[in-house]
Amino acid sequence: MTTVVNRADASEVAAQERIARLEHRLGDLDDPGNPLGAEQLLAADAAGRPLAPAERVLDEFGLNAEFVPGRLGGRLERLDVLARVVRAVFRRDASLGLGYGVTSYLAGVIVWADGTAAQQRAVADLLLSGGRIACAYPEPPTGNDFLRNRFSTLVEGAGYRLNGRKEALNNAARAQSLLIFADGPDTGRGDRSAFLIDGPRADSATAALLGRYETTGIRGSLVHGLQFSGHPVSTEQLVGRAGGAGVLARRAFPVTRAIGPSMALGCADTAMRTTVAFARSRRLRSRASLQSPRTRTALADAFADLLLCDALALVATRAVHLLPRQSNTFSAAVKYLLPTVLTEAVYDLSIVLGSESYARSGSYGIFQKTVRDLPMIGLGSAGGAASRGVLIDHLLQVPDLVAPGGGEAPAGLFQPFGDGLPPVRHDDLVLPPDGDSLLGSLESSAARAAAAGGEFGVRLGESAARLGAELSALREAGTALGARSGDRAVSPRAYALADRYALIAAGAACLGIWRHQAGAGGFLGEPLWAVMALARILRRLDSTAGPAPAAAADRFVEELLSRFEGARSYDLYATSIGR
């Protein structure tokens with residue numbers, strides 16, 4: 001069976017060692033004797049509480065160090081590595097992944113980019129000592145702020161008074177610090193500032209912790225409301241300049257949009273593994289057995305969906321380092337596409353499990369938990385609606401969808417095990433896009449695919465050519481869209497074009513990764529996985545597109561069964577898990 005070939009540098013080797021150590025500490029999810037196993041996680045979820053032994057393991061591992069830059073004593077150097085490390089936590093429990101550390105990282109992103117040296121040192125020390133920070137990001141106009149509540153400030157003397165409430169903040173009850181975005185008096189001009197303040201205290205007369213907010217998914221997360229009534233805030237607690245929080249948020253969104261859905265691939269991995277276990281246990285004549293065409297198709301399609309999602313997420317996280325001006329677009333595509341595709345994949349898998357997909361305990365209870373948790377990943381600031389708006393703006397600004405100067409995308413964009421990346425240039429993240437290197441790479445990748453050999457090389461070339469035709473149509477439509485828009489409202493057709501952009505971007509990512517791994521051999525260098533991923537993408541772009549060849553689907557099922565037997569992850573990395 002194929003393997004993933006890894007030609008890694010020293011930093012990549014260190015990252016793999018950390019992932020292996022964390023996987024070993026968390027243990028086998030299906031082992032009934034594991035105190036961090038599925039049975040214990042389901043009990044904690046039913047009780048609506050975090051699993052304390054799991055949090056202690058993460059304390060001992062020092063997970064918070066993954067969120068702190070190396071220059072401040074942490075281990076954060078590459079965003080793609082951060083996603084892979086925390087993916088191991090999401091593979092067990094999305095509540096644990098969100099509640100233990102990701103919320104703190106979302107606050108840290110702002111501080112690392114624009115905080116003073118003293119603020120950065122204080123936040124780094126807090127996280128490295130096992131502390132937490134809660135954050136209240138602003139909502140874009142097309143965001144997911146369904147409660148429409150805000151914080152606001154009034155200038156008083158040399159400082160400010162903070163007022164308002166938010167109904168749902170993760171970890172507000174346990175955070176030692178809070179990163180707060182608050183509107184100023186002149187909200188019509190975007191007067192919004194960010195503050196780093198202490199967490200709420202029980203004896204405070206101006207900061208009150210509100211009741212817990214119950215959620216359908218991620219039930220182990222401690223989500224509370226928070227209310228301020230004239231709470232004093234000093235100028236030393238201001239992050240960045242007064243009134244400059246809008247820029248701070250725009251700098252953060254290219255990072256946060258890409259990282260969360262990439263981590264959430266761990267949830268879908270568990271759903272996939274649970275379904276394979278179920279199918280393997282069925283009798284030969286059962287409709288859910290591995291001999292059933294329906295079951296094999298559902299498993300192969302879901303596996304392909306996970307790989308295409310990981311491919312797009314890889315490109316987006318590495319683009320933050322390599323192509324900061326374009327990274328906002330790629331991250332928006334991740335935030336928009338991945339929650340939808342992963343939710344659809346899990347739904348398709350639920351058909352295999354049948355009534356067992358509703359079980360909340362027992363051997364397959366973890367599947368139902370994943371069904372409830374995954375949709376929650378797409379909520380929050382800069383959610384799906386706002387991300388689609390970014391894609392529409394991109395089509396209006398860069399309708400030709402080519403790399404700057406017609407050049408090639410950097411090879412490092414497509415390297416799952418790539419060398420060390422340059423530091424993030426935060427100021428460049430808010431500059432307008434200077435091109436589209438990802439979609440601009442499609443022609444070169446398609447030309448390479450046309451010359452591919454091997455059993456499925458011809459089909460890969462045909463699929464790449466069809467994707468290239470879809471890109472040509474998108475370019476024409478994008479040019480027409482820009483010509484028609486002017487000062488008028490965006491046409492409803494723009495939303496459909498944004499959908500198509502995200503799918504074509506995922507296809508370009510798959511082809512780019514295959515092209516740059518083809519010489520190295522191994523699973524990612526073979527046409528098989530790219531053929532299967534492109535088949536899923538082309539069916540979404542064109543309902544008349546046919547499925548992948550039966551021989552390819554059969555080989556693909558062999559690969560996913562091999563990964564199940566060998567306890568390896570269903571993503572680009574085939575990571576050993578739970579041992």
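## A guided tour of the chain

Buried residues make up 58% of the 579 residues in this chain, which you are viewing as a predicted model.

**Start with the whole chain.** Show everything as a cartoon and you will find 17 helices and eight strands. Turn the C-alpha trace along its principal axes: the spans are about 75 × 60 × 45 Å. The radius of gyration is 23 Å, and this agrees with a compact globule, because a globule of 579 residues would have a value near 25 Å. Contacts also link distant parts of the sequence: of those between residues at least 6 apart, 76% join residues at least 24 apart.

**Now switch on the surface.** About 21,500 Å² is exposed, with carbon and sulfur atoms supplying 52% of it. Try colouring by charge as well. There are 62 positive and 59 negative side chains, and the centres of these two sets lie 3 Å apart.

**Select Glu66.** Look in the loop between helix H3 (52–61) and H4. Is Glu66 buried or exposed? Its relative accessible area is 1%, under the 20% cut-off, so Glu66 counts as buried. Show side chains here and find Arg75, whose side chain makes a polar contact of 2.8 Å with that of Glu66. Leaving aside neighbours within four places in sequence, Glu66 is also in contact with other residues, including Arg18, Leu82 and Val85.

**Move along to Arg91.** Helix H4 (79–90) and helix H5 (94–114) have a loop between them, and Arg91 sits in that loop. Arg91 has 6% relative accessibility and therefore counts as buried. Which residues does Arg91 touch, not counting those up to four places away in sequence? They are Glu23, Leu29, Gly266, Cys267, Asp269, Thr270, Ser569, Asp571 and Ile577. Select them together with Arg91 to see the whole set.

**Next, go to Asn171.** This residue is in the loop between strand S3 (159–170) and strand S4 (177–183). Check its backbone: phi is positive, about 70 degrees, although Asn171 is not a glycine. With a relative accessible area of 0%, Asn171 is buried.

**Finish at Ala574.** Follow the chain past helix H17 (550–565) to the segment after it, where Ala574 lies. Here too is a residue other than glycine with a positive phi, in this case near 50 degrees. Ala574 has a relative accessible area of 11% and is buried.

Terms used: Residues are numbered from 1 along each chain as its sequence is written. This is a predicted model: local features need pLDDT of at least 70, side-chain atom pairs count only at pLDDT 80 or more; totals for chains, interfaces and linings use all residues. Side-chain values use heavy atoms; hydrogens and water are left out. Helices (H or I, at least four residues) and strands (E, at least two) are DSSP runs, numbered from the N terminus. Buried means under 20% relative accessible area, exposed over 50%, partly exposed in between (1.4 Å probe, protein chains only). Contact means heavy atoms within 4.5 Å. The radius of gyration is taken over C-alpha atoms; the globule rule is 2.2 Å times the number of residues to the power 0.38. Accessible areas come from the Shrake-Rupley method with a 1.4 Å probe; for residues, only the protein chains shown count as cover. Lys and Arg count as positive and Asp and Glu as negative; His and the chain ends are not counted. The place of a charge is taken as NZ of Lys, CZ of Arg, CG of Asp or CD of Glu. A polar contact is a pair of N or O atoms within 3.5 Å; within protein, one must be able to donate a hydrogen and the other to accept it, and residues adjacent in sequence count only if both atoms are side-chain atoms.
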